[in-house]
Amino acid sequence: MEVDDLLPLIQAIDMLNLGNIESGDVYLSEAGIRFAEAGVLEEKVVFREQAVEHVQLIRRILDSLKKSGNGRLRWETIDRELQQYFSEDEAERQLDTATDWGRYAELFAYDDQEGMFYLENDPIANAQDI
């Protein structure tokens with residue numbers, strides 16, 4: 001793999017606490033081993049648990065969705081909040097990643113055309129006590 005492809009994977013492993021990086025080597029944590037050995041459904045469960053526990057932006061989106069009353073949240077709302085602390089490009093990069101990860105983990109959905117996050121009637125995602 002090229003370094004440009006490898007670096008985001010290593011950062012994700014670290015951010016999600018799926019492993020540790022020591023002297024250029026990656027060592028999987030217990031959660032990382034579970035993820036690596038899991039089938040597709042169990043992968044999503046492990047990813048969901050790690051994302052909720054370790055990614056503050058995903059927790060922020062979920063909390064806002066649950067407090068919204070209608071289970072919907074505009075992209076711009078979170079983007080504006082992030083731009084208070086980060087450049088426009090960095091805010092968008094972080095929100096893109098959180099959106100992709102949240103969708104993969106089936107924590108929330110996102111409608112690209114409406115620019116809207118929303119909670120689905122998904123018993124797996126909604127059963128998660130966040």
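Start by selecting Glu81 and Arg60, whose side chains meet in a salt bridge with 2.5 Å from N to O. A salt bridge here is a side-chain nitrogen of Lys or Arg within 4 Å of a carboxyl oxygen of Asp or Glu. This pair links distant parts of the chain, with Glu81 in helix α5 and Arg60 in helix α4, 21 residues apart. The helices (H or I, at least four residues) and strands (E, at least two) are DSSP runs, numbered from the N terminus.

What you have open is a predicted model, in which local features need pLDDT of at least 70 and side-chain atom pairs count only at pLDDT 80 or more, while totals for chains, interfaces and linings use all residues. Residues are numbered from 1 along each chain as its sequence is written, and side-chain values use heavy atoms, with hydrogens and water left out.

Now colour the two partners by accessibility. Glu81 counts as partly exposed because its relative accessibility is 25%, and Arg60 counts as partly exposed at 33%. The cut-offs are these: buried means under 20% relative accessible area, exposed means over 50%, and partly exposed is in between (1.4 Å probe, protein chains only).

**The second largest pocket**

Keep Glu81 and Arg60 selected and add Gln56, Leu57, Ile78, Leu82, Tyr85 and Phe86; together these residues line the second largest pocket. Which elements give two or more residues to this lining? They are α4 and α5 (75-83). The volume of the second largest pocket is about 210 Å³. By class, its lining has five nonpolar, one polar and two charged residues. For these classes, Ala, Val, Leu, Ile, Met, Phe, Trp, Tyr, Cys and Pro count as nonpolar, Asp, Glu, Lys and Arg as charged, and the others, Gly among them, as polar.

How is a pocket found? On a 1 Å grid over the protein atoms alone, a pocket is an open set of points where a 1.4 Å probe fits, with protein on both sides within 12 Å along at least five of seven lines; lining residues have an atom within 4 Å of a point. Grid points are joined across faces, edges and corners, and a volume is the space filled by probe spheres set on the points.

**The largest pocket**

Next, select Met15, Arg93, Gln94, Thr97 and Trp101, which lie nearest the centre of the largest pocket among its 13 lining residues. About 310 Å³ of space lies in this pocket. Show α1 (3-15), α4 (56-67) and α6 (88-104), since each supplies at least two residues of the lining. Which helix gives the most? The answer is α6, with five residues. The lining of the largest pocket divides into seven nonpolar, five polar and one charged.

**More salt bridges**

A search of the whole structure finds eight salt bridges. For another one, pick Glu106 and Lys44, with their closest N and O atoms 3.1 Å apart. This pair also links distant parts of the chain: Glu106 is in the loop between α6 and β4 (109-111), Lys44 is in helix α3 (residues 40-54), and they are 62 residues apart. Is Lys44 buried or exposed? Lys44 counts as buried because its relative accessibility is 18%, whereas Glu106 is partly exposed at 26%.

Stay on Glu106 and look at its backbone: the phi angle is positive, about 60 degrees, although Glu106 is not a glycine. Leu107 is in the loop between α6 and β4 too, and at 2% relative accessibility Leu107 counts as buried.

Then move to Glu42 and Arg34, a salt bridge with the closest N and O atoms 2.9 Å apart. Glu42 is partly exposed, with a relative accessible area of 34%, and Arg34 is partly exposed at 35%. Add Glu49 to your selection: salt bridges that share partners join Arg34, Glu42 and Glu49 into one network.

**Two last stops**

Select Asn17, in the loop between α1 and β1 (19-22). Asn17 has a positive phi of about 55 degrees without being a glycine, and its relative accessible area of 33% makes it partly exposed.

Finish with Ile21, Val26, Leu28 and Ile33, a nonpolar patch on the surface with about 290 Å² of accessible area together. Patches are made of residues with over 30% relative accessible area and no salt bridge, where like charges are joined within 9 Å and nonpolar side chains (Val, Leu, Ile, Met, Phe, Trp, Tyr) within 5 Å. The areas come from the Shrake-Rupley method with a 1.4 Å probe; for residues, only the protein chains shown count as cover. Within the patch, Ile33 sits in helix α2 (residues 30-37) and counts as partly exposed at 38% relative accessibility.
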